[in-house]
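Colleague: I've got a model loaded and want one region taken apart carefully. Could you go slowly and keep the cut-offs in view?

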Amino acid sequence: MSDLDAYRSLYVAESRENHEGIVSNLLILEQGTDSHAIDEIFRSAHSLKGMSASMGFMHMEEICHALEDVFSQIRSGNLQVSQALMDDLLAGVDDIEAMIDDVEAGGDGLLEHREARVSALKAWLSGSVAAPASGGKKDSEESGAPVSPEPAGDMYENPAYESYDQAGNIEYNLHIELSPEVDSKNLRSMLILQNLESIGVISAISPERTIVEDDPVFEGTIDLTLVTNAGKQAVETILAISDIRSFSLTETESLTQPGNAAILAPGSEHEKRYAIHIELSPAVDSKNLRAMLILQNLESHGTLTNFSPRREVIEDSGTFSGIFDLELNGSEISEESVKAYLKGSDIKSSSFTPIQEVSGPGLAGIGLEDHQNGTLAPSRISAGEKVEKKREVKNIRVDIDRLDHMMNLVEDLVINRGRLEQIAQEYKIKELDETLNMVGRSVADLQVMMMDIRMIPLNHIFNRFPRTVRDIATKEGKEVDFIVEGGDTELDRSVMDGLNDPLLHLIRNGLDHGIEPPDVRIKNGKPPKGTLKLSASRDKDNVVIVIEDDGAGINQEKIKKKALERGLATEDALAAMSETEINDLLFLPGFSTADKITDISGRGVGLDVVKTTIASLQGTIKLESVFGQGSRFELVLPPTMAIVMVMMIRINNRRCAIPITNVAEVASLAAFPIQNIGHGEGILMRDEIIVLYRLDDMFGRSQNEEVIVVLQNQNRKGAIIADLIEGQQEVVIKPLSKFVGTCDGVSGVTIPGDGEVVPVLDVKAILRESSGQKAARKSSGRRVKKVMKNNVISDVEHLITDMQADELRELGNIGASHAATTLSTILNTLISIHVPEIILVQLQNLRYYLDDVAAAMVVFQIQGQLAGNGYIIIHIPKESIIRLTSIMLGQSVSEREIDDMDKSALNEIGNIMTSSFLDACATLLSIIMIPSPPSMVIDMPHAALQTIIATQEIDENVDEVVLFKTELQCAEYNISANIILLPSKGLLNELFARMDSVISTSG
């Protein structure tokens, strides 16, 4: 499929919309002058012209340009709307519709009578057609005299007034100041100047136009002189935009006074006028250069006007087709000499015809035959009776929110289909199986269709970067060749939305840190112009985006030095790291090698923001670099994040999911026993040694290991041990909550048909593990503790005061004392509770302060008369659960699994501790605080927190946690437990305020 065919359907849809806009507004205009209708026609015609030129449909471009020229005259008041004019305009619009039909059918959008149609429209510009007289018109119209025209122009792109001798022209002095908040003052100023040129001519400007449009030091202040007859209100309308802070408009003089009537415009009675049509040979290599030479030769005989397309397009645009029309005006024109210029070998065909002044009624009988016979007198083609066509609506515009909602419904269907399949397997109903097969096919087809609808070419974001590269390179004094490839590669919209900022960050880094200044490059034996390349391609089911440069590369010694300075790794750990692992240190939070902060990059945030964003898109990023030669960032992204096929497995009786694309093989552990390899474990499978990765820190060590699951990501392999394989299932993967933060080895969670929250393993992260990386991460994973007085520790950005530390200590002691008293009474045994340590920590870092063993978390929502809301979690490790239950039931403590009796007792104990703790706090602070009914999760700490965040509606303002490390002592048993307070910012502030009040009152 060619590039033209790829965009043909989109072009047809957009063109029909613009065509309908032109027709509807023409009918409005026919009823009377309507400036809004004219503006809408201009917008639609201009859009249609631009799209046609870019697609190569030059006949359509010429018709649209001629229509724009006519409407320029209507808007300026030089041409009155009449029945005859409207017939010609509607006939031209009908031709546009016919060309759109031809394009839709696979044609090239050609129009047989294009030249006649363009000439018919241009007749209204040259004054060859007079509007019929009517009552209430101007004197010139009443006498039947033709309206004095002005050279036509493009509302958006070129001056609509090319000379100073037009009727009613007024000169204005303008002072314009852009708003300081405008990001790109050059671009905004260029658009403002183009809009002013659409209604007149800029005769003077300060500073120079090149400074206004291209110089980055331009401050946003412009002084200019504008000549126009559009009126003061038209100028003010153009300048009345939010990007302009202020402007002043001063009228100097009218350029056409009664005494100036002697000035002759082109086309006076002493001049000859000729219409020239030229079509260059397709074999001509440089059509712009050849056309420019022809125009220069013609200018030696007279004045050239009424170019179609515009002269700038003819001489400079890459879209110029080699076909153009113009008028030659002069008092002494040698027809023989002009015809000689038009007979060159580069000219395929041409015509040179005198323009006759023709009255309105005389045009009625001139048709296509006259034009084809060589008479180029402008003709009006009657619209005739239009045959209405039946056309199906093949394209509609849909709000993106509706598509997102539809995708959510499809995701629900996938989940419910999985649930129905489980029910069918359980009850073995034949009819249900048959129906489910049919439903499954329909859901699968719907799923594929929705994913296809959401796929968007990467060009949507790639096309934004060339201007960014150009501006930064200019500002930094660097020469850069920016290459973009693979923009037609498609990604799901959900992935695309989060990709712009990471790519922009990497491109900025490449320009700032990578590409050297020209003098440095020459000194290093490189060409002065650097190369920055952005490319995209498909690799199996993934999309690979590469940003590479031939710049300075990465100095690994500098990375090691920074890592040592910040305590991110030891010298021994750095010595054991590979080059790839050292480069990966750049992705640690806050790591940056920038010597100074700039507004381009080096803002102290490093690349961790990029990695975090890419990880949230279920993707990976890899950095390769050679010092002195350049760097290469490779982003691997899934085409969609919505619905994926996973393999469900169980490890230590806990379920988890693995994307099926990352499962290379499944085998029995009995066939491939585990072997010790160095300091680790591995499996010898068909002469291939596969490293074994234990997931004990996530799921605990299983006693029923039976299955080997071989994982693969690109060229890396590894194996994990599972209890059993449950099968494959299509699931919806949801990203981890921001409260949980980055969870090593887990890319997201899913909820299958039975409602259980199941973690999805991040195979890329698991296979990326190495001892060097673990050492670096362990030293950097936990924040540096800031110890306050009385064993209160702050591990958050916000530092608490000594008084607030005392307040938390008081709150903890009183709450623990009340809880111990209540438990002692209910259990009929003496229980003491101490709070040796209180920690104020970010929720996403909480898991670092909890022992990495299986535990129960009993969750309560805090209710009452509160400024904000919050939660309390009672965290009790598995060993302590058994002890507490045994004490409560009067049994001896034994090694066993947690059963329903333990869970019931744990709910009761958690309720007692929470109620007592909140009651003590409420009494101390004179506030109502009561707990909601409890819910419980038993799992590893990070997995339990992940489940709580996924199932509880935790307020988004909950980001700081108060962890009361508690010790319970009963008889000969020491029981560890934690009371975790999760207040919203509002509740935490209220607690501190009330504690301040209590302390000040008691003091």
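What follows is my request and one long answer to it. Which strands stand at the edges of the open sheet with the order S19-S20-S21? Start there, please, and then go on to other strands and the loops beside them.

Modeller: Sure, bookkeeping first. Residue numbers start from 1 along each chain as its sequence is written, and side-chain values use heavy atoms, with hydrogens and water left out. The model is predicted, so to speak of a local feature takes pLDDT of at least 70 and a side-chain atom pair takes pLDDT 80 or more, while totals for chains, interfaces and linings use all residues.

Now your sheet. S19, S20 and S21 make an open sheet in that order, with antiparallel pairing. (Strands are DSSP runs of E with at least two residues, and helices are runs of H or I with at least four, both numbered from the N terminus; two strands pair if DSSP finds at least two bridges between them.) The edges are taken by S19 (674–677) and S21 (688–691), each with a single partner strand, so one side of each has no neighbour in the sheet. From one strand to the next the twist averages 45°, where axes are lines fitted to C-alpha atoms (for helices, over the stretch in contact) and angles run from 0 to 180 degrees between N-to-C directions.

Zoom in on the S19/S20 side. These two run antiparallel and are joined by four bridges, and if you look for Asn676 you'll find Glu681 of S20 opposite it. S20 covers residues 680–685, with Leu684 among them. That leucine counts as partly exposed, because its relative accessible area is 42% (under 20% is buried, over 50% is exposed, and partly exposed is in between, with a 1.4 Å probe and protein chains only).

Leu684 also belongs to a nonpolar surface patch with Ile677 and Ile689, and together the three have about 270 Å² of accessible area. The area comes from the Shrake-Rupley method with a 1.4 Å probe, and for residues only the protein chains shown count as cover. Patch members need over 30% relative accessible area and no salt bridge; nonpolar side chains (Val, Leu, Ile, Met, Phe, Trp, Tyr) are joined within 5 Å, like charges within 9 Å. A salt bridge, for that test, is a side-chain nitrogen of Lys or Arg within 4 Å of a carboxyl oxygen of Asp or Glu.

Next, a sheet of four strands. It is open too, ordered S6-S7-S5-S8 with antiparallel pairing. S6 and S8 (347–354) are the edge strands, each pairing on one side only. The average twist from one strand to the next is 20°. S5 (residues 272–280) and S8 run antiparallel and share seven bridges, with Glu279 having Ser349 of S8 as its bridge partner.

The S6 end has some backbone oddities. As background, most residues other than glycine have a negative phi, and most peptide bonds are trans. Asn306 sits in S6 with phi near 50°, which is positive for a residue that isn't glycine. Asn306 counts as buried because its relative accessibility is 17%. Further along, the peptide bond from Ser308 to Pro309 is cis, with omega near 0°; Pro309 is in the loop between S6 (303–308) and helix H11 (311–316).

Another cis bond runs from Ser206 to Pro207, with omega near -5°, and Pro207 lies in the loop between S2 (200–206) and helix H8 (209–214). For another positive phi, go to Asn653, where the value is near 65°. Asn653 is in the loop between S16 (643–651) and S17 (654–659), and it counts as exposed because its relative accessible area is 59%.

One last strand, S26. In a regular strand the side chains alternate between the two faces of the sheet. In S26 (residues 758–761) both faces are covered, with Val758 and Val760 buried on one side and Pro759 and Leu761 buried on the other. Its antiparallel partner S25 (residues 746–750) joins it over four bridges, and Gly748 stands opposite Val760.
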